[in-house]
Amino acid sequence: MFDFGIIPPAMFLGMVIFMLYGFPVAFSLAAVGLFFGIIGIVTGHFGEVFLQALPLRFFGILSNDLLLAIPFFTFMGAILERCGLAEDLLEGTGKLFGGIPGGLAYAVILVGAVLGAITGTVAASVITMGVISLPIMLRYGYNPRLATGVIAASGTITQVIPPSLVLVVLADQLGRSVGDMYLGAIGPSILQVTIFVLFILVLSIIRPKSMPPLPKEVRGDFNWALLVKVLMGMVPSIVLIFLVLGTIFMGLATPTEAGALGVVGAMLLAAMNRRLTWPLIREAMASTTHITSMVVMILIGSTCFSLVFQGMDGSRWIEHMLSGIPGGPVGFLIFVNIFIFVLAFFLDFFEIAFIVIPMLAPVASSLGIDLIWFGVLICVNMQTSFMHPPFGFALFYLRSIASKDVKTSDIYMGALPWVGMQLILVAIVIFWPQSVTYWLDHGPKVDPNSIKIEVPGFGGQLGLPPMGGGGNGSPQIPGLTLPPLNGLPGAPPPPAK
């Protein structure tokens, strides 16, 4: 454990102590990094030249175009949270499925997936669906644990469904394309929604009294007017989803540009619902500024920590410990997911992405694990951080808007089956990587060692040296024999002796 010195483990322990004590994460990371950097310089374990890179790293963070997608998607979600779109979707789909047992639960899952694809924020989805659906579900006989569980779980789907902010941050930390991360998340998103729907289906057959259908006088008649109302709520959402995700997948826009298009589309939807007002825009801008500032400060603090940690061979220490885990890549993934599941009790997903992922990514890469698969798997795992008691943020959001008749114990107990289903998805993604990689465009594979370049006039072929070959000096080029100077076309004849 101490083959690479005592300082890397001490840095990791110091970071944990600071966070458990309750200091802000961004300042804790920066303080630990600078403190151990000074210790390393004094003891000769750390070169001063490393700290000279800090200003350049800060500038790199602030000038990173990819991170501009975060305020754009946040602003888009803040506007859609207040424009009335979710209310229309929930009312229409609730009446559409209300005639069958569990109909409202199906509606919540479907609307949660749609809201996840257009807002990207858990708070907006959970609070909106909780305010609208929870009183109706309780009023008409739904079990409180089932009602609160399905609302909280459907809100956390947002973390996996593009354009999730978690996927943007993970793409930046892993050095991969946001578009590829979004494509990789399509399969797990569909699987998660399917697992939730199947759970409600089975439960409605086994315990139909826990989720009775809505009375006829409440849901109304199933007619064309109801279908048109549902479509009028769905079509603008689908258009906005295509505007944001379709332009990325088709290569027409970068994630940052697609986020800007999404903001324009969200403002148009708010204007169509006659709710685009200056107070709404000010509230959305304040929320966006708060979240973006928090992300940037955490990223700056984590940069201070990671720079010193890497300079102290901390990455080699982590790789040394984790590479020897039995089971190879699968054993590594199981260990990492258990580790992150435990960390998620105490840390936010931004903190996990900025602190833990840079330590784990080199190990995953050295084991031959596709980093898109790895990133999507971590994202699927981190959605449980919003659900598991007692620190799940989705449970806090739900508690804040639920009536006093709903017990906190019911909210916590109701979340447990859904956490189990989320962990089932984690296991599926670990043992079935094609659920992520199937959607990726791998492109043609070319072996560099098979490339031959024919050079006219040289009487041979120019072959590229084997990739990764050793040896010092210039590589030898097989098959290349230079003719004498006087053999080249147009060369002067040799001087007479």
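Q: In which helix of this predicted model is the place of I206?
A: I206 lies in helix α11, which covers residues 178–206.

Q: Why is I206 called exposed?
A: The relative accessibility of I206 is 60%. The term exposed requires over 50%, so I206 at 60% counts as exposed.

Q: What makes L198, L201, V202, I205 and I206 a nonpolar surface patch?
A: A residue enters a patch with over 30% relative accessible area and no salt bridge, and nonpolar side chains are joined within 5 Å. L198, L201, V202, I205 and I206 make such a patch, with an area of about 500 Å².

Q: How do you know that the span of helix α14 is close to the expected one?
A: Helix α14, residues 255–272, has 18 residues. The expected span is 1.5 Å times one less than the number of residues, which gives 26 Å for α14. From the first C-alpha of α14 to its last, the reach is 25 Å, close to that expectation.

Q: What makes residues of α14 such as P255 and L269 buried?
A: Buried means under 20% relative accessible area. P255 and L269 are counted as buried, as are T256, A258, G259, G262, V263, G265, A266 and A270.

Q: Which residue just after α14 takes a positive phi?
A: That residue is R274, with a phi of about 60 degrees.

Q: How much of the protein chain counts as buried?
A: Of its 497 residues, 48% count as buried. The chain holds 23 helices and two strands.

Q: What supplies the exposed area of the protein chain?
A: Carbon and sulfur atoms supply 69% of the exposed area, which is about 23700 Å².

Definitions and conventions:
Residues numbered from 1 in each chain as written. Predicted model: local features only at pLDDT ≥ 70, side-chain atom pairs only at ≥ 80, totals over all residues. Heavy atoms only, no water. Helix = DSSP H or I, 4+ residues; strand = E, 2+ residues; numbered from the N terminus. Buried < 20%, exposed > 50% of the residue type's maximum accessible area, 1.4 Å probe, protein only. Areas by Shrake-Rupley, 256 points an atom, 1.4 Å probe, with all protein chains shown as cover. Patch = residues over 30% accessible without salt bridge, like charges linked within 9 Å, V, L, I, M, F, W, Y side chains within 5 Å. Salt bridge = Lys/Arg side-chain N within 4 Å of Asp/Glu carboxyl O.
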